[in-house]
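Reader: Could you take me through this one before I set anything up with it? I'd like to start with the overall picture and then go into single elements.

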Amino acid sequence: MAKLGNPQETIQVLQKHDFHFQKKFGQNFLIDPRVLEKIVEAAEVTEDDFVLEIGPGIGTMTQYLCEHARQVLAVEIDSHLIPILQETLAEYDNVEVLHGDILKQDIRAIADRYNGGKPIKVVANLPYYITTPIIMELFESRVPLANVTVMVQKEVADRMKADPGTKEYGALSLAVQYYAKPYLAANVPPNCFMPRPNVGSAVIRLDCLARTPVEVQDEKLMFRLIRASFNQRRKTLQNGIANSPELSFTKEQVAEALETIGISPTVRGEKLSLQQFAALSDELNKSKER
């Protein structure tokens, strides 16, 4: 089987199997070997590694991963791609293809089975609409992870690594940075894909932290506060939290908590760091107990 990763080979495989792109799966296949090499490099895949690949498509990236990793498990949701993957990966004995939805898999069991429970590396070229749910599911389920290297929409990558006070900064920045350190590995223009997407993309590596950067008494409350702060960006933090249907704090309680931690009640959520959201959460947690 010839190496995929160039347009001619990709077109040949698709035509042979009479494959049609499905909008519902947001399929865009990479057709640039340089980008594929950059992803393997960014993920720091070595011959000792087990890699979980989400959304292998026709196996373009999978071939590169197989050449660098000890073992690869590729999880693909589209049943039409399974026979194609069996063909394009036939030469590799260190890969397994699993037909299924990654959100319905027990990833901890996968880590135990294939990697003795040690932290795994995840590589994914995901449909953009499902990127965030999959990344958050990986983090929140506390699966043992070394790093997650994903191809995402450029603006999503910018949001993941944004700092407080910038226009890209939001709930996603805080959620990602609570669990991982983001590192932008490459910008990828639309012409590197088939079919061409309408937006630029980026490869971002999320190095998973052994410990979260802040200690907080109630993680769920902190993230509810974060969501409330960014759901209505133009409102002050005090109003955003007081108006949130997810929360039951009065304006007075919010103002008092902000004052205690030394923050003005007229501040907007985008100005607060993760540490400040944790402090606010702990303070409001006390008023809940009173």
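**Overall picture and selected elements**

Author: Of the 290 residues of the protein, 51% count as buried. Please keep in mind throughout that this is a predicted model.

Reader: OK, what does the pLDDT average for the protein?

Author: The average is 92, and 96% of the residues score at least 70. Confidence is lowest in strand 1, residues 29–30, with a mean of 85, while strand 4, residues 95–99, has the highest value, at 98. As a general caution, where pLDDT is low, the predicted coordinates should not be read in detail.

Reader: And how many helices and strands are there?

Author: The secondary structure comprises 12 helices and 9 strands. Along the principal axes, the C-alpha atoms fill a box of roughly 65 × 40 × 30 Å. Taking the contacts between residues at least 6 apart in sequence, 67% join residues that are at least 24 apart.

Reader: Switching to the surface, what share of the accessible area belongs to carbon and sulfur atoms?

Author: Carbon and sulfur atoms account for 48% of an accessible surface that comes to about 13900 Å². As for charge, there are 33 positive and 38 negative side chains, and the centres of these two sets lie 7 Å apart.

Reader: Now strand 9, is that mostly covered or mostly open?

Author: Strand 9, which spans residues 201–208, is mostly covered, with 7 of its 8 residues buried. Strand 6, residues 145–153, runs antiparallel to strand 9 and is joined to it by 7 bridges, and within that pairing Val152 has Ala202 as its bridge partner.

Reader: Which way does strand 7 run relative to strand 9?

Author: Strand 7, residues 180–188, is antiparallel to strand 9, and 8 bridges join the two. One of the partnerships here is that of Val188 with Ser201 of strand 9.

Reader: Different topic, the helices. Why is helix 8 described as largely enclosed?

Author: Helix 8 covers residues 171–179, and because 7 of those 9 residues are buried, the helix is largely enclosed by the rest of the structure. The buried residues in helix 8 are Leu172, Ser173, Leu174, Ala175, Val176, Tyr178 and Tyr179.

Reader: And which residues are buried in helix 6?

Author: In helix 6, residues 131–140, the buried positions are Thr131, Ile134, Ile135, Met136, Leu138 and Phe139. A backbone detail belongs with this helix, since what follows helix 6 is Arg142, with a positive phi near 55 degrees.

Technical notes:
Residues numbered from 1 in each chain as written. Predicted model: local features only at pLDDT ≥ 70, side-chain atom pairs only at ≥ 80, totals over all residues. Heavy atoms only, no water. Helix = DSSP H or I, 4+ residues; strand = E, 2+ residues; numbered from the N terminus. Buried < 20%, exposed > 50% of the residue type's maximum accessible area, 1.4 Å probe, protein only. Contact = heavy atoms within 4.5 Å. Areas by Shrake-Rupley, 256 points an atom, 1.4 Å probe, with all protein chains shown as cover. Lys, Arg positive; Asp, Glu negative; His and termini not counted. Charge placed at Lys NZ, Arg CZ, Asp CG, Glu CD. Pairing = 2+ DSSP bridges. pLDDT = per-residue confidence, 0-100.
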